[in-house]
Structures are given as C-alpha cells and as structure tokens.
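Got your viewer open and a selection box ready? Let's take a walk through this one, stop by stop.

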Amino acid sequence: MDIDVRGPRFGAAVTAVVLAAVLVTGSVWLLAWQTLAFALGAAGGVTRSPYGVLFRAVVRPRLGPPTEFEPPEPPRFAQAVGLGFAAVGLIGHAMGADWLGLAATGCALAAAFLNAAFGYCLGCEMYLLVRRLSVRTQ
C-alpha cells in the first residue's frame with residue numbers, strides 16, 4: 001500500500017531539526033534518540049517511526065487529502081541509510097573521535113534537509129539505483 005508523500009517529508013524536516021540541534025549542542029543523547037527513530041523507521045516502515053506516528057495523528061488531519069503517493073520501500077531504505085550514519089556518529093562520539101560523529105551527523109543532516117526542503121530523498125534514490133542494478137545483473 002502506497003503512502004502519502006508528505007509523511008516522509010515531514011519526518012525529514014523533524015529529523016533535520018533534531019540533527020541540527022545535535023550539531024549545535026553536541027548532545028549525544030539527542031543523537032541516540034534520532035538513531036532510535038531511524039531504527040524504528042527502518043524496522044517498521046516510515047509510518048511506524050515516531051515522526052510518522054506524529055504526522056498521522058497530528059499533522060495529516062489538519063491537511064487536505066493527499067494528492068501524491070509513493071511506495072513505502074524507498075523511504076524505509078532511506079531510514080536504514082540514516083540509521084547507518086547516525087550509528088557511525090554515535091560510535092564516533094563513544095570512541096572519542098568527535099570528528100567522525102560530527103561528519104556522520106552532518107551527512108545525515110544534509111540528506112534530511114534535501115528531502116525536507118526540496119523533496120529529494122537521497123536514500124530513496126539509492127534504493128532505486130540498487131534495484132535497477134540488481135535487475136540488470138539477473
């Protein structure tokens with residue numbers, strides 16, 4: 001079942017704010033929260049992530065009906081990519097390599113910002129590329 005495209009964009013906007021706050025404050029706990037949010041989105045799909053639940057419960061009822069839909073697999077893959085970057089960020093901070101934590105968090109922030117501001121989902125595009133390549137190799 002396809003999903004409302006506004007949900008992942010809302011999630012990306014919240015993610016961008018959270019990751020920007022991580023970079024400004026240096027809060028490892030906030031990065032851990034975002035890592036958990038990515039993990040839930042990767043495991044259960046974006047509609048089951050904390051930001052997806054917030055979108056469905058609070059934001060979507062205040063909007064008009066959706067006019068665009070997308071398959072849930074690309075955004076779910078994007079959540080897994082975000083999880084990877086957030087996990088590297090946490091590991092970097094835990095190992096004392098703050099530069100690694102900042103770089104990984106910055107990469108995740110850049111991707112979330114692109115989706116939130118311009119509707120361009122890097123993780124979704126990666127999913128489609130991997131899928132095309134796997135079809136060609138079969």
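Here is a short tour of a predicted model, with a few things to select at each stop.

**Stop one: helix α5**

Select residues 98–118 and show them as a cartoon. That is helix α5, with 21 residues. Put a distance between the first C-alpha and the last, and you should get 29 Å, close to the 30 Å expected at 1.5 Å a residue.

Now turn on side chains for G101, A104, T105, A108, L109, A112 and N115. These are the buried residues of α5. They sit on the same side of the helix, because they cover an arc of only 140° around its axis. The general rule is handy here: an α-helix has 3.6 residues a turn, so residues three or four places apart point the same way.

What covers the buried residues of α5? Add α1 (6–25), α2 (28–44) and α4 (73–94) to your selection, as the cover includes these helices.

Spin round to the other side of α5 and pick out W99 and F118, which are both exposed there. Then step just past the end of α5 to G119, where the backbone takes a positive phi of about 70°.

**Stop two: the cysteines**

Select C121 and C124 and show them as sticks. A disulfide joins the two, with 2.4 Å from S to S. As a reminder, a disulfide is a covalent bond between the sulfur atoms of two cysteines. Check the torsion about the S-S bond too: at 70°, the link of C121 and C124 is right-handed. Switch on a surface and remember that C121 and C124 are both buried.

The count for the model comes to 1 disulfide. Why is C107 not bonded to C121? Select C107 and draw a line to the sulfur of C121, the closest cysteine sulfur: the gap is 15 Å, too far for a bond. While you have C107 picked, note that this residue is partly exposed, with a relative accessible area of 42%.

**Stop three: M126**

Next, go to residues 122–136, which make up helix α6, and find M126 there. Is M126 buried, exposed or partly exposed? Partly exposed is the answer, because its relative accessible area is 39%.

Which residues does M126 touch, leaving aside its neighbours within four places in sequence? Show F77 and V81, as M126 is in contact with both.

For a last pick, select L83, which lies 43 residues from M126 along the chain. The C-alpha atoms of L83 and M126 are separated by 14 Å.

Definitions and conventions:
Residues are numbered from 1 along each chain as its sequence is written. This is a predicted model: local features need pLDDT of at least 70, side-chain atom pairs count only at pLDDT 80 or more; totals for chains, interfaces and linings use all residues. Side-chain values use heavy atoms; hydrogens and water are left out. Helices (H or I, at least four residues) and strands (E, at least two) are DSSP runs, numbered from the N terminus. The expected span of a helix is 1.5 Å times one less than its number of residues. Buried means under 20% relative accessible area, exposed over 50%, partly exposed in between (1.4 Å probe, protein chains only). The arc is that of the directions from the helix axis to the C-beta atoms. Contact means heavy atoms within 4.5 Å. A disulfide is a pair of cysteine sulfur atoms within 2.5 Å.
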